[in-house]
Amino acid sequence: MLQGRRQMLNKQNNRYFNVVLLLASLTLLTLFSSNTFAHAVAEGDKGYIQEITGVHLIPFAYLGAKHMVTGFDHILFLLGVIFFLYRLKDIALYVSLFAIGHSSTMLLGVYFNIGINSYLIDAIIGLSVVYKALDNLGAYQRWFNVQPNTQLATLFFGFCHGFGLSSKIIDYDISPQGLLPNLVAFNVGVELGQLIALGAILIVMGYWRKKTHFFRQAYTVNVMMMCAGFVLIGYQLTGYFVA
């Protein structure tokens, strides 16, 4: 009798969790429909970047952290990367690869004025979310009987995420006076924001992984991540052809 009630409660909890996931995914899809969450910089921050000259380390560090914490494409990819990583050593390795890729192309892209069409690079960033969700679902092994090199993929998509941001900054015609220290400060802020986001993710994942229904719900979450990535791809490609 008691066991039956527990099973019923577990089923109710699972249904409740799935509803919450659905609502969360719909919210994310809505957010993805706005340029604000596709490597864009808020209008107020855009005006600030265009107007100032000289070295402004703290403001640029703040802008970098703000971009990372509010960049849901970044956070979804980061979530996908660490989804099934349990050892801190592995988490540190993959997050470092992503940070190296992201930092290098952001700095070099702006400093050497290497611009990529923002719609196309953001579509590739959406593809990075789809790739990682499919990887977590084991799709490549089942469909093609191959397993991509996850470390190289993380580094490669890190490069893409960095170019996504550098392309936006170039569009805002940042002042060359104090450019390098401001970019370094911005990048430091991005990495601090990444650590904040990573800490929050690890806390939630640590609690969630203790639940008996984790693996069943993990499938649903990764499917939703994949759908969010496809929405971002479609939105950006539509903007490319329409614009």
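Let us start at an exposed spot: Asp171 counts as exposed, with 53% relative accessibility. You will find Asp171 in helix H8. Keep in mind as you look around that this is a predicted model. Although Asp171 and Asn113 are 58 residues apart in sequence, their C-alpha atoms are 9.8 Å apart in space.

A similar story can be told for Pro176, which sits in the loop between H8 and H9. Pro176 is exposed, at a relative accessible area of 68%. Its C-alpha is 8.1 Å from that of Gly54, with the two positions 122 residues apart in sequence.

**A covered helix**

Now turn to helix H4, which spans residues 72-82. Is H4 mostly covered or mostly open? Of its 11 residues, 10 are buried, so H4 is mostly covered because buried means under 20% relative accessible area. The buried residues are Asp73, His74, Ile75, Leu76, Phe77, Leu78, Leu79, Gly80, Val81 and Ile82.

Which helices does H4 pack against? Two of its packings are set out here, with H6 and with H10.

| Helix pair | Angle | Distance between axes |
|---|---|---|
| H4 and H6 | about 20° | 9 Å |
| H4 and H10 | about 145° | 11 Å |

With an angle of about 20° between H4 and H6, H4 is roughly parallel to H6. H4 passes H6 in a left-handed crossing, and H4 passes H10 in a left-handed crossing too. On the H10 side, Asp73, Leu76, Leu79 and Gly80 of H4 make the contact with Met225, Ala228 and Leu232 of H10. On the H6 side, Asp73, Leu76, Phe77, Gly80 and Val81 of H4 meet Ile125, Ser128, Val129, Lys132 and Asn136 of H6. Notice that Asp73, Leu76 and Gly80 appear in both lists.

**The nonpolar core**

In soluble globular proteins, nonpolar side chains tend to be buried together. Here the largest nonpolar core has 53 residues, and Ile82, Phe83 and Phe186 have the most contacts inside it. Helices H3, H4, H5, H6, H7, H8, H9 and H10 each give two or more residues to this core. The largest share, 10 residues, comes from H9.

Which residues does Phe83 touch, leaving out those up to four places away in sequence? They are Asn136, Met205, Trp208, Arg209, Phe214, Ala218, Val221 and Asn222. One of these, Asn136, is also a residue of H6 that meets H4.

**Two salt bridges**

Side chains of opposite charge can pair when their charged atoms come close. How many salt bridges does the structure hold? There are 2. In one of them, Arg87 pairs with Asp90, and the closest N and O atoms are 3.0 Å apart. In the other, Asp135 pairs with Lys132, with 2.7 Å between the closest N and O atoms.

Where do Asp135 and Lys132 sit along their helix? Both belong to H6, residues 118-136, and because they are 3 residues apart, about one helical turn separates them. An α-helix has 3.6 residues a turn, so residues three or four places apart point the same way.

Are these two partners buried or exposed? Asp135 is buried, its relative accessible area being 10%. Lys132 is buried as well, at 6% relative accessibility. Lys132 also links back to the helix packing, as one of the H6 residues that H4 meets.

Terms used. Residues are numbered from 1 along each chain as its sequence is written. This is a predicted model: local features need pLDDT of at least 70, side-chain atom pairs count only at pLDDT 80 or more; totals for chains, interfaces and linings use all residues. Side-chain values use heavy atoms; hydrogens and water are left out. A salt bridge is a side-chain nitrogen of Lys or Arg within 4 Å of a carboxyl oxygen of Asp or Glu. Helices (H or I, at least four residues) and strands (E, at least two) are DSSP runs, numbered from the N terminus. Buried means under 20% relative accessible area, exposed over 50%, partly exposed in between (1.4 Å probe, protein chains only). A nonpolar core is a set of buried Ala, Val, Leu, Ile, Met, Phe, Trp, Tyr and Cys residues joined through side-chain atoms within 4.5 Å. Contact means heavy atoms within 4.5 Å. Axes are lines fitted to C-alpha atoms, for helices over the stretch in contact, and angles run from 0 to 180 degrees between N-to-C directions. Angles under 35 degrees count as roughly parallel, over 145 as roughly antiparallel, 65 to 115 as roughly perpendicular and the rest as oblique. A crossing is left-handed if the near helix is turned anticlockwise from the far one by less than a right angle, and right-handed if clockwise.
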